[in-house]
Amino acid sequence: MRGEGIYAIAPAMPTQLISGQTRVVGIFGDPIAHTRSPAMHNAAFRARNLLYIYVPFLVRSADLPRAVQSIRTLNLVGVNVTVPHKERIIRYLDVLSAEADLCGAVNTVVNRNGTLFGDNTDGRGFLLSLQERSLSPRKREVVLIGAGGATRALLVSLIRAGSARVTIVNRTRAKAQALAKAYQSLGKTQLATFPLDTIRDSTLLQNVSLVVNCTPVGLHGEEFLPFAYTATPRDCLFYDLLYRPELTPFLQQAQAARRPIMDGRRMLLHQGALAFSLWTRIPAPLTVMARALNRALCS
């Protein structure tokens, strides 16, 4: 209806049988039509024989307070939260996990009998995806490109994991410096900041084990800034939090430099699996979710 800012995006076809016992989980975001999370989670619910369904909701910023209240009113099991609501939603929740409190952002909400609990599974999902590549960030040097909410979640997890040094490069250096100042006392990790154009500087990258693009640059195929890819060690992993059927320009150039690469779909998978367990209190069927996610990305 015109004038309304909260919409349920109907799936193209029914994903499972709906009954009077069906429980509803959702995702709040704007935009939301691109999300692959429904395919992943609905496949997981079917695999575990759960009477749950996952629905995307288009929530305008002005309507976020009402949308959060609807979790209680409609007795939703919970929701995922994506841009642009991850930070602002905190003020409308009752309880936060330590992780969400540190990150200042929430990507998963659980309705506990009317009490709304907010958590952030992004950083843990990121670390789990690194484990699949047998890469531990402990005592390693890492470069994070960007200084937004995604960077904050990864920074908290990297510090907790014992990274030796994390360098944040960002177009606006002051924003990167604010992040470093906020988290410097969290652990023993050395934090450094540089303006974005220093990614061309080979001396910055000589001992780096991991470079992560935390920006949206490349989502629509736009070129990434010049980067000294070959200045990194041969085994330095280039990780783009973006995911799409084809490689982003950032990963294309890293691959051309014969460096290992990884996109964001495994992080998406693992953060989703963690959210699934928060809602259902049972282990997520990871293989099923991965298969459904890959199908959705290629459709």
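This report covers the fold, surface, charges and cysteines of a predicted model.

## Overall fold

The chain contains nine helices and 13 strands. Its C-alpha trace spans about 60 × 40 × 35 Å along the principal axes.

The radius of gyration is 19 Å. A compact globule of 299 residues would have a value near 19 Å, so the chain agrees with that expectation.

## Packing and contacts

Of the 299 residues, 53% count as buried. Contacts often link distant parts of the sequence. Take the contacts between residues at least 6 apart in sequence: 70% of them join residues at least 24 apart.

## Surface and charge

The chain exposes about 14,000 Å². Carbon and sulfur atoms supply 53% of that area.

Positive side chains number 35, and negative ones number 19. The centres of the two sets lie 4 Å apart.

## Cysteines

A disulfide is a covalent bond between the sulfur atoms of two cysteines. The structure holds zero disulfides. Cys103 is in none; its nearest cysteine sulfur belongs to Cys214, 12 Å away. Cys103 is also buried, with a relative accessible area of 1%.

Why is Cys236 not bonded to Cys214? The two sulfurs are 14 Å apart, which is too far for a bond. The cut-off for a disulfide is 2.5 Å between sulfur atoms. For Cys236, the sulfur of Cys214 is the closest cysteine sulfur. Cys236 is buried, with a relative accessible area of 0%.

Key. Residues are numbered from 1 along each chain as its sequence is written. This is a predicted model: local features need pLDDT of at least 70, side-chain atom pairs count only at pLDDT 80 or more; totals for chains, interfaces and linings use all residues. Side-chain values use heavy atoms; hydrogens and water are left out. Helices (H or I, at least four residues) and strands (E, at least two) are DSSP runs, numbered from the N terminus. The radius of gyration is taken over C-alpha atoms; the globule rule is 2.2 Å times the number of residues to the power 0.38. Buried means under 20% relative accessible area, exposed over 50%, partly exposed in between (1.4 Å probe, protein chains only). Contact means heavy atoms within 4.5 Å. Accessible areas come from the Shrake-Rupley method with a 1.4 Å probe; for residues, only the protein chains shown count as cover. Lys and Arg count as positive and Asp and Glu as negative; His and the chain ends are not counted. The place of a charge is taken as NZ of Lys, CZ of Arg, CG of Asp or CD of Glu.
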